[in-house]
Amino acid sequence: MENKSALWRWIKGSRVYKSIFRHGYEDTKKNRILQIRSNVFLHIHPVKIPDHAYRIRFTWCMGGITFFLFLVEVMTGAFLMFYYTPTPEQAYRDMLYLRYDVPFGMILRNMHRWAAHLMIFTIILHMLRVFLTGSYKPPREFNWVIGVTLLVITLLLSFTGYLLPWDQLSYWAITVATNMIGAMPFIGHEGPLSLLDRYHDIRFLILGGSEIGSNALLRFYVMHIIVLPVTGMIFMAVHFWRVRKDGISRPL
Ligand code: HEM
């Protein structure tokens, strides 16, 4: 028990803990209120916003444009879902159907594709800007970490979306990528220091089998339309709320 509370005290005193939970740490009435006010899930609106938080001169608005492109993806993706069935028999036929028969189908699909490419481009520019203006430094280091998670989610959205057309390009790209994952140390069956076989490794978990087939397509689809976008939205809410709280950084 002694040890547990010493560990807890150590965690609460650490820099990482204090970068996430910003209220006072004594158990007082004021700190209990602050605990609620400074938690995005318990108190979504920031209590106050500093003036300079509205200035965007140094941001290039790249975060805003990335968010706009995410919204374009959600809108066009929702329309694409009306015409797409995630089965090996139907998926590619739906691509042809969208291309030749669905009114505005081609433009819809291309909007989804180009906004995805652009989103990768703008997120990199956004990171570059944050890096160049030193905005990753305290008190914004927690938001940088949230940002890195958003970057990973965005890349995974592209990765999972790539298989969905079920054409030769997608099939072989995902074959190569998942073979690389199967060669990871410890968790891939072909990787160094691995004790796993091809039916119990990380590749098997991702594909839902040892080969790319209907299970893989379904898994990628569910990740692409539900798991990753919803997780992304939650992280974006925290990201924006932190921006409002900390204020956009000033020039160095
Ligand atoms: C889906 C991806 C992302 C979206 C939608 C997004 C959105 C935003 C927005 C709207 C802002 C306000 C200022 C601006 O527009 O530049 C911002 C600020 C910030 N972002 Fe992101 N962001 C994303 C990814 C990232 C990534 C990958 C990083 C870094 C690894 C990052 C780190 C930060 C930091 C540290 C700030 C505060 C900057 C400051 O105060 O000057 N964000 N983000």
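These legends walk through an overview and several close-up views of one predicted protein model.

The model is predicted: local features need pLDDT of at least 70, side-chain atom pairs count only at pLDDT 80 or more, and totals for chains, interfaces and linings use all residues. Residues are numbered from 1 along each chain as its sequence is written, and side-chain values use heavy atoms, with hydrogens and water left out.

**Figure 1. The whole protein, with ten helices and zero strands.**
Start here to get your bearings: from the N terminus on, the elements run α-α-α-α-α-α-α-α-α-α. Helices (H or I, at least four residues) and strands (E, at least two) are DSSP runs, numbered from the N terminus. The C-alpha trace spans about 60 × 50 × 35 Å along its principal axes. Of the 252 residues, 35% count as buried; buried means under 20% relative accessible area, exposed over 50%, and partly exposed in between (1.4 Å probe, protein chains only). Among contacts (heavy atoms within 4.5 Å) with a separation of 6 or more, 65% come from residues 24 or more positions apart. The accessible surface comes to about 16,300 Å², and carbon and sulfur atoms hold 70% of that area. Accessible areas come from the Shrake-Rupley method with a 1.4 Å probe, and for residues only the protein chains shown count as cover.

**Figure 2. A network of salt bridges around Asp246.**
A search of the whole structure finds five salt bridges, each defined as a side-chain nitrogen of Lys or Arg within 4 Å of a carboxyl oxygen of Asp or Glu. Which residue pairs with Arg22 in a salt bridge? The partner is Asp246, and the closest N and O atoms are 3.2 Å apart. Arg22 sits in the loop between helix H2 (15-20) and helix H3 (29-37) while Asp246 belongs to helix H10, so this pair ties together parts that are 224 residues apart in sequence. Asp246 also forms a salt bridge with Arg242, with the closest N and O atoms 2.8 Å apart. Arg242 and Asp246 both lie in helix H10, four residues apart, about one turn of the helix. Salt bridges that share partners thus join Arg22, Arg242 and Asp246 into one network. As for burial, Arg242 is buried at 5% relative accessible area and Asp246 is buried at 14%, whereas Arg22 is partly exposed at 30%.

**Figure 3. The salt bridge of Glu211 with Arg198.**
Here the closest N and O atoms are 3.6 Å apart. The pair links distant parts of the chain, 13 residues apart: Glu211 is in the loop between H9 and H10, and Arg198 in the loop between H8 and H9. Arg198 counts as partly exposed, at 31% relative accessibility.

**Figure 4. A nonpolar patch on the surface.**
Take a look at Phe41, Leu218, Val222, Met223, Ile226, Val227, Val230 and Ile234, which together have about 690 Å² of accessible area. Patches are made of residues with over 30% relative accessible area and no salt bridge; like charges are joined within 9 Å, and nonpolar side chains (Val, Leu, Ile, Met, Phe, Trp, Tyr) within 5 Å. One of the patch residues, Leu218, lies in helix H10 (residues 214-246) and is partly exposed at 45% relative accessibility.

**Figure 5. The surroundings of Leu98 and His126, two buried residues.**
Leu98 belongs to helix H5 (residues 91-100) and has a relative accessible area of 2%. Leaving aside neighbours within four places in sequence, Leu98 is in contact with Leu80, Tyr83, Gly105 and Met106. His126 is in helix H6 (residues 105-132), with 19% relative accessibility. Not counting residues up to four places away in sequence, His126 touches Met62, Gly63, Thr66 and His239.

**Figure 6. Backbone details in three loops.**
Which two residues does a cis peptide bond join? They are Pro138 and Pro139, with omega about 5°; Pro139 is in the loop between H6 and helix H7 (141-163). Trp166, in the loop between H7 and helix H8 (168-181), has phi near 55°, a positive value in a residue other than glycine. Phe186, found in the loop between H8 and helix H9 (202-207), has a positive phi as well, near 65°. Trp166 is buried, with a relative accessible area of 15%, whereas Phe186 is exposed at 53%.
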